[in-house]
Amino acid sequence: MAFEEIFVAACVYLLAAVVSVPVAQKLGLSSVLGYLIAGIIIGPFVLGVVGSEGEDVMHFAEFGVVLMLFLIGLELEPSLLWRLRGPILGLGGLQVVVTTILVMSIAMFFGLSWQMSLAIGMALALSSTAIVLQSLQEKGLTKTSGGQSAFAVLLFQDIAVIPMLAALPLLATVTPEKKDDHGRGHGETNAFAEWVSHQPAWMNTLLVIGAVVLIIVAGKYAIRPILRAIAGTKLRETFTAFALLLV
């Protein structure tokens, strides 16, 4: 994607955001709904102003979501998590389990295999933390009992993603890799991805669990000393740069 296309797309997105949010608030809607409606209007299925760039824009969007989740993680207090342990395990667990079973049952009713149905159920049992938290903050509901309950459900969903990701390789149906006219496989990326694609499902599950454990261990024993050393420089821009590097 050329720089000029990225620049034009960025201008379109910013203009849509600036216009859609005041209009949405005038109509009594949240800014998140304004963003979604604006995205639908300027997207490839209505006006077609943007959307053809696809993968390139998705990279920017994914970075923004990860950055937001990183900031949420910084603001979380262990005491708050412990105080909400009941709602997190109770409400959150009930919502994820019930929604997964309900969606799985509907999918199986329409003839899908139980593996596919379970995968769809787990995916649709999750909510968008970005959208829900933004809506709660705009309406001033974050500190209310309802807002705390919704926050507890979101936390459980974020935690439930880990075992879900670990379970997906076990549910996957292995299909032969398609070859082109020259005998090359489609979608080849690098040697590690090629090696992973040929591993059994249980090995992929162990890789997912191992990656999560590695992140936790590195965060506890490697990142903290680095953060202390950077904080010792007393340069805010260096700390900000390292935070972006972490993300």
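Phe109 is an exposed residue, because its relative accessible area is 67%. Its sequence neighbour in the aromatic pair, Phe110, also counts as exposed, at 65% relative accessibility. The ring centres of Phe109 and Phe110 stand 5.5 Å apart and their planes meet at 85°, so the pair is edge-to-face. The count of aromatic pairs comes to 1. These values, like the others below, are computed from a predicted model.

The wider architecture is helical. The protein contains 11 helices and 0 strands, and its pattern along the sequence reads α-α-α-α-α-α-α-α-α-α-α. Of its 247 residues, 22% are buried. The accessible surface amounts to about 17,200 Å², and carbon and sulfur atoms account for 72% of that surface. Among contacts between residues at least 6 apart in sequence, 57% join residues at least 24 apart.

Helix α8 is a suitable place to enter the interior. This helix covers residues 145–171, 27 residues in number. From its first C-alpha to its last, α8 reaches 37 Å, close to the 39 Å expected at 1.5 Å a residue. The helix nevertheless carries a kink of about 30° at Val161, shortly before the proline Pro163.

In soluble globular proteins, nonpolar side chains tend to be buried together. Here the largest nonpolar core has 17 residues. The members that touch the most others are Leu84, Ile88, Val96, Leu133, Phe151, Phe156 and Met164. Three helices, α5 (85–109), α7 (129–138) and α8, each supply at least two residues of this core. The greatest contribution is that of α8, with 8 residues. Apart from this core lies another, of 6 residues, including Ala9, Val12, Ala16 and Ala38.

Contacts of individual residues add detail to this picture. Leaving aside neighbours within four places in sequence, Met164 is in contact with Val96, Met122 and Leu126. One of these partners, Met122, is found in helix α6, residues 114–124. Is Met122 buried or exposed? Met122 is buried, because its relative accessible area is 11%, which is under the 20% cut-off. Beyond its neighbours within four places in sequence, Met122 is in contact with Thr100, Met164, Leu168 and Leu171. Met122 can also be placed relative to the kink residue of α8: Met122 and Val161 are 39 residues apart in sequence and 8.8 Å apart in space, C-alpha to C-alpha.

Helix α7 offers a further buried position, at a serine. Ser135 is found in α7. Ser135 counts as buried because its relative accessibility is 19%, and the cut-off for that class is under 20%. With neighbours within four places in sequence left aside, Ser135 is in contact with Ser30 and Val32.

Towards the end of the chain, attention turns to α10. This helix has 33 residues and occupies positions 201–233. The distance from its first C-alpha to its last is 46 Å, close to the 48 Å expected at 1.5 Å a residue. A kink of about 40° is centred on Gly219 in α10. Which residues of α10 are buried? They are Asn204, Thr205, Ile223 and Ile230. These buried residues pack against α8, α9 (191–197) and α11.

Just after α10, Lys234 takes a positive phi of about 60°, in a residue other than glycine. Lys234 lies in the loop between α10 and α11 (236–246). In contrast to the buried residues of α10, Lys234 is exposed, because its relative accessible area is 75%, and the cut-off for exposure is over 50%.

Methods
Residues are numbered from 1 along each chain as its sequence is written. This is a predicted model: local features need pLDDT of at least 70, side-chain atom pairs count only at pLDDT 80 or more; totals for chains, interfaces and linings use all residues. Side-chain values use heavy atoms; hydrogens and water are left out. Helices (H or I, at least four residues) and strands (E, at least two) are DSSP runs, numbered from the N terminus. The expected span of a helix is 1.5 Å times one less than its number of residues. The bend at a residue is the angle between axes fitted to the seven residues ending there and the seven starting there. A nonpolar core is a set of buried Ala, Val, Leu, Ile, Met, Phe, Trp, Tyr and Cys residues joined through side-chain atoms within 4.5 Å. Buried means under 20% relative accessible area, exposed over 50%, partly exposed in between (1.4 Å probe, protein chains only). Contact means heavy atoms within 4.5 Å. Accessible areas come from the Shrake-Rupley method with a 1.4 Å probe; for residues, only the protein chains shown count as cover. Rings of Phe, Tyr and Trp (its six-membered ring) pair if their centres lie within 6.5 Å; planes under 30 degrees apart count as stacked, over 60 as edge-to-face and the rest as tilted.
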